[in-house]
Amino acid sequence: MKVEKKNFFELFNLPISVDINVESLELNYKKLQKSFHPDNFINSTIVEQTSALRLSSQINDGYNTLKNIVTRIEYILTINGFIVDDSKTFRDKEFLIKQIEINDFIESISSNNNQSNVDIFIKNIGQSMHDTIIEIKKS
């Protein structure tokens with residue numbers, strides 16, 4: 001298997017998708033680590049040990065990227081040629097206003113520990129994330 005030439009989805013035998021089968025990711029991760037873990041190459045040549053270390057690192061990076069939905073989406077964008085330039089100013093006024101509202105709420109709960117407001121806030125953020133993921137899937 002030419003592991004080093006594959007993107008993370010190919011590496012773990014998963015379709016490129018926002019939704020992945022996390023159980024398959026876990027299973028394939030364990031299989032790959034069992035095969036390529038550097039400890040398995042302790043009596044091998046330096047070149048083979050270095051290669052195993054590099055592959056194991058790639059497997060770990062891929063696993064950590066795909067297990068988290070945010071980093072998974074960023075990775076999908078990256079492998080499809082979308083580059084995020086963090087040095088550019090964000091110009092979405094609606095998004096910026098929402099961030100100000102969130103910051104204001106966070107500041108207010110530090111002085112007023114109303115658990116029901118916090119629960120509602122968390123529920124709303126969860127719903128916003130869900131709606132955003134659905135929008136991304138439609139694109």
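"Buried" here means a relative accessible area under 20%, while "exposed" means over 50% and "partly exposed" covers what lies in between. With that in hand, here's a quick tour of this predicted model. The chain has 6 helices and 0 strands, so let's start with the overall picture and then zoom in on helix H2 and isoleucine 69.

**The chain as a whole**
- Going along the sequence, you get the pattern α-α-α-α-α-α.
- Of the 139 residues in the chain, 24% are buried.
- Take the contacts with a separation of 6 or more: 55% of them come from residues 24 or more positions apart.

**Helix H2 on its own**
- H2 covers residues 22-36, and its 15 residues should span 21 Å at 1.5 Å a residue.
- The end C-alpha atoms of H2 are indeed 21 Å apart, which agrees with that figure.
- The buried residues of H2 are Leu25, Asn28, Tyr29, Leu32, Gln33 and Phe36.
- Look down the axis of H2 and those buried residues fall within an arc of 135°, so they line one face of the helix.
- As background, an α-helix has 3.6 residues a turn, so residues three or four places apart point the same way.
- Flip to the face of H2 turned away from the buried side, and you find the exposed residues Glu23, Lys30 and Lys34.
- The cover over the buried residues of H2 includes helix H1 (8-11) and H3.

**How H2 meets H3**
- The axes of H2 and H3 (residues 46-67) come within 10 Å of each other and cross at roughly 170°.
- Angles over 145 degrees count as roughly antiparallel, and that crossing therefore makes H2 roughly antiparallel to H3.
- On the H2 side, the contact is made by Leu25, Glu26, Tyr29, Leu32, Gln33 and Phe36.
- H3 brings Ala52, Leu55, Ser56, Ile59, Asn60, Tyr63, Leu66 and Lys67 to the contact.
- Sorted by class, the contact of H2 with H3 has 9 nonpolar, 3 polar and 2 charged residues.

**Isoleucine 69**
- Isoleucine 69 sits in helix H4, which runs over residues 69-79.
- Its relative accessible area is 25%, so isoleucine 69 is partly exposed.
- Setting aside neighbours within four places in sequence, isoleucine 69 is in contact with Val18 and Ile133.
- Isoleucine 69 and aspartate 19 are 50 residues apart in sequence, yet their C-alpha atoms are 8.2 Å apart in space.

Key: Residues numbered from 1 in each chain as written. Predicted model: local features only at pLDDT ≥ 70, side-chain atom pairs only at ≥ 80, totals over all residues. Heavy atoms only, no water. Axes fitted to C-alpha atoms, helices over the stretch in contact; angles between N-to-C directions. Helix = DSSP H or I, 4+ residues; strand = E, 2+ residues; numbered from the N terminus. Parallel < 35°, antiparallel > 145°, perpendicular 65-115°, else oblique. Contact = heavy atoms within 4.5 Å. Nonpolar A, V, L, I, M, F, W, Y, C, P; charged D, E, K, R; others polar. Expected span 1.5 Å × (residues − 1). Buried < 20%, exposed > 50% of the residue type's maximum accessible area, 1.4 Å probe, protein only. Arc of directions from axis to C-beta.
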